[in-house]
Amino acid sequence: MIAPDILALDFDGVCCDGMREYFETSRRTHAEVWPAEPMRAADCREAFASLGPVILSGWEMPVLLRAITQGRSRAEILGGWERVRDQLVAAGPITGPPLIDRLGQTLDRVRRESIATDLTGWLGLHAPYGSLEELRRLVAEPAQAVLVTTKEGEFARLILDRWEVRLADVQGKETGVHKCLNLRGLIAAWVGVHGRRPRLAFVEDRLETLQHVTTHPDLDDVALFLAGWGYNTEAARAVAAADARIRLLTLEQFRAGTMAWP
């Protein structure tokens with residue numbers, strides 16, 4: 001691995017383990033959206049953490065809790081999450097796009113309320129993968145280290161500021177674009193300053209996102225890494241290990257710095 005000019009990192013599942021916060025925010029959202037469907041947190045927490053990799057968008061998290069609460073089996077959720085999710089989104093009292101909008105808005109509001117009332121407690125629900133010293137050293141290696149995440153940038157910045165991890169930019173959900181467009185923007189900005197394409201490495205814990213990047217010929221020179229420690233399944237890691245383009249990265253390699261990467 002040649003040290004990249006630009007290192008693009010996903011946040012949750014790559015730099016940050018936020019599963020405890022995911023669960024707490026989803027639990028409160030579930031209670032607001034489906035008050036007639038009570039759930040016992042102690043009964044759902046472990047299942048939620050183990051099934052979290054099926055989720056592709058934040059609004060799905062309370063839906064996953066609803067599936068667990070209603071007794072959907074682990075095999076059913078892992079084997080056909082989209083079908084289970086769509087069934088639950090179609091089950092009242094609110095359904096379809098209005099439900100999806102409400103879930104997303106409620107999740108963000110619950111987070112903001114937690115931050116406003118107990119910032120220290122909210123920050124404490126997030127943990128870095130490895131030590132903060134290792135993460136700081138990693139993001140200092142390239143000319144630019146950038147966060148590319150579907151999390152709201154304001155939330156990621158709060159955590160990074162508390163950790164004292166400095167990045168060139170944080171591109172969050174508010175940008176409203178697919179990560180392929182984020183990568184294109186990073187490349188174009190570098191070319192505009194340096195007159196050449198950068199060596200760009202992108203670390204992501206969602207196999208589907210990386211596979212989508214591979215469908216764009218103009219991004220063929222981007223080095224793609226699946227974070228094997230993140231929110232993905234054994235099956236996804238096996239696919240990445242056999243893929244000619246996507247490289248499977250271990251946490252030990254990640255913590256050691258880019259020169260240790262495959």
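How far apart are the mean positions of the positive and negative charges of the protein chain? In this predicted model, the mean positions of the 31 positive and 36 negative charges are 1 Å apart, where Lys and Arg count as positive, Asp and Glu count as negative, and His and the chain ends are left uncounted; each charge is placed at NZ of Lys, CZ of Arg, CG of Asp or CD of Glu.

Local features were considered at pLDDT of at least 70 and side-chain atom pairs at pLDDT 80 or more, whereas totals for chains, interfaces and linings use all residues. Residues are numbered from 1 along each chain as its sequence is written, and side-chain values use heavy atoms, without hydrogens and water.

The protein chain contains 12 helices and eight strands, assigned as DSSP runs (helices H or I, at least four residues; strands E, at least two) and numbered from the N terminus. The radius of gyration, taken over C-alpha atoms, is 19 Å, which agrees with the value near 18 Å for a compact globule of 262 residues, a rule given by 2.2 Å times the number of residues to the power 0.38. Buried residues (under 20% relative accessible area, 1.4 Å probe, protein chains only) make up 48% of the 262 residues.

His216 lies in the loop between helix H10 (207-213) and strand S7 (223-227). When neighbours within four places in sequence are set aside, His216 is in contact with Cys180 and Arg184, contact meaning heavy atoms within 4.5 Å. Although His216 and Cys180 are 36 residues apart in sequence, their C-alpha atoms are 8.3 Å apart in space.

Methods
Buried means under 20% relative accessible area, exposed over 50%, partly exposed in between (1.4 Å probe, protein chains only).
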